[in-house]
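I opened this notebook to record, entry by entry, what I looked up in the structure shown below.

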Amino acid sequence: MTATISDDALTQMLRKTILALVRRDEADLTSRQFGVFLTVYLTDGPHTVRGLATELNVSKPAITRALDRLGELSLARRKVDPMDRRSVLVQQTQAGDAFLADLRHVMAAADT
């Protein structure tokens, strides 16, 4: 039998996670930036600006702005697709891998 977490428990875990992140002395991410980040790191790629816009149901300029911020924080990088120079690939970074690992620790702590 699989244990399920109640809606209230999930909401409280999200609240505790967000509070832990904003209390840190690091840059905050918006919901859209988090959505782009998590999509790039938790779903199969390759990821393009066009594909992210479609998956998140937002405009390409909105994805570009989110990627600008993620790039400033070294959490993702863009690279021209060598197969189609009109397309931009979004890539993971070591800093992004570390951020995701840290996020998992923060979430685990919020779950206790």
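**Entry 1: the strands**

I began with strand E3, where I found that Val 88 is the bridge partner of Val 80. I keep in mind throughout that this is a predicted model. Following that pair outward, I noted that strand E2 (residues 76-80) and E3 are joined by five bridges in the antiparallel sense. I then turned to strand E1, which two bridges join to E3 (residues 88-92), and these two strands also run antiparallel. Within this pairing I saw that Leu 89 in E3 stands opposite Thr 48.

**Entry 2: His 47**

I stayed with E1, since His 47 lies in this strand, which covers residues 47-48. Is His 47 buried or exposed? I recorded a relative accessibility of 8%, so His 47 counts as buried, the cut-off being under 20%. Next I asked which backbone oxygens lie by its side chain, and I found that of Thr 43, reached at 3.0 Å, and that of Val 40, which lies 3.4 Å from a polar side-chain atom of His 47. Leaving aside residues up to four places away in sequence, I listed what His 47 touches: Thr 39, Val 40, Leu 52, Val 88, Leu 89 and Val 90.

**Entry 3: the aromatic rings**

I searched the whole structure for aromatic pairs and found three. For Phe 34 and Phe 99 I noted ring centres 6.1 Å apart and planes at 35 degrees, so I entered the pair as tilted. This pair links distant parts of the chain, because Phe 34 sits in helix H2 (residues 31-42) and Phe 99 in helix H5 (residues 94-110), 65 residues apart. I also noted that ring pairs link Phe 34, Phe 37, Tyr 41 and Phe 99 into a cluster. Phe 99 itself is buried, at a relative accessible area of 15%.

**Entry 4: helix H5**

Phe 99 led me to H5, which has 17 residues and reaches 24 Å from its first C-alpha to its last, close to the 24 Å expected at 1.5 Å a residue. Which residues of H5 are buried? I listed Gly 96, Phe 99, Leu 100, Leu 103, Val 106 and Ala 110. Looking down the axis of H5, I saw that its buried residues fall within an arc of 120 degrees, so they line one face of the helix. On the face turned away from this buried side I found the exposed residues Gln 94 and His 105. Finally I checked what covers the buried residues of H5, and the cover includes helix H1 (7-22) and H2.

Methods
Residues are numbered from 1 along each chain as its sequence is written. This is a predicted model: local features need pLDDT of at least 70, side-chain atom pairs count only at pLDDT 80 or more; totals for chains, interfaces and linings use all residues. Side-chain values use heavy atoms; hydrogens and water are left out. Helices (H or I, at least four residues) and strands (E, at least two) are DSSP runs, numbered from the N terminus. Buried means under 20% relative accessible area, exposed over 50%, partly exposed in between (1.4 Å probe, protein chains only). A polar contact is a pair of N or O atoms within 3.5 Å; within protein, one must be able to donate a hydrogen and the other to accept it, and residues adjacent in sequence count only if both atoms are side-chain atoms. Contact means heavy atoms within 4.5 Å. Rings of Phe, Tyr and Trp (its six-membered ring) pair if their centres lie within 6.5 Å; planes under 30 degrees apart count as stacked, over 60 as edge-to-face and the rest as tilted. The expected span of a helix is 1.5 Å times one less than its number of residues. The arc is that of the directions from the helix axis to the C-beta atoms. Two strands pair if DSSP finds at least two bridges between them.
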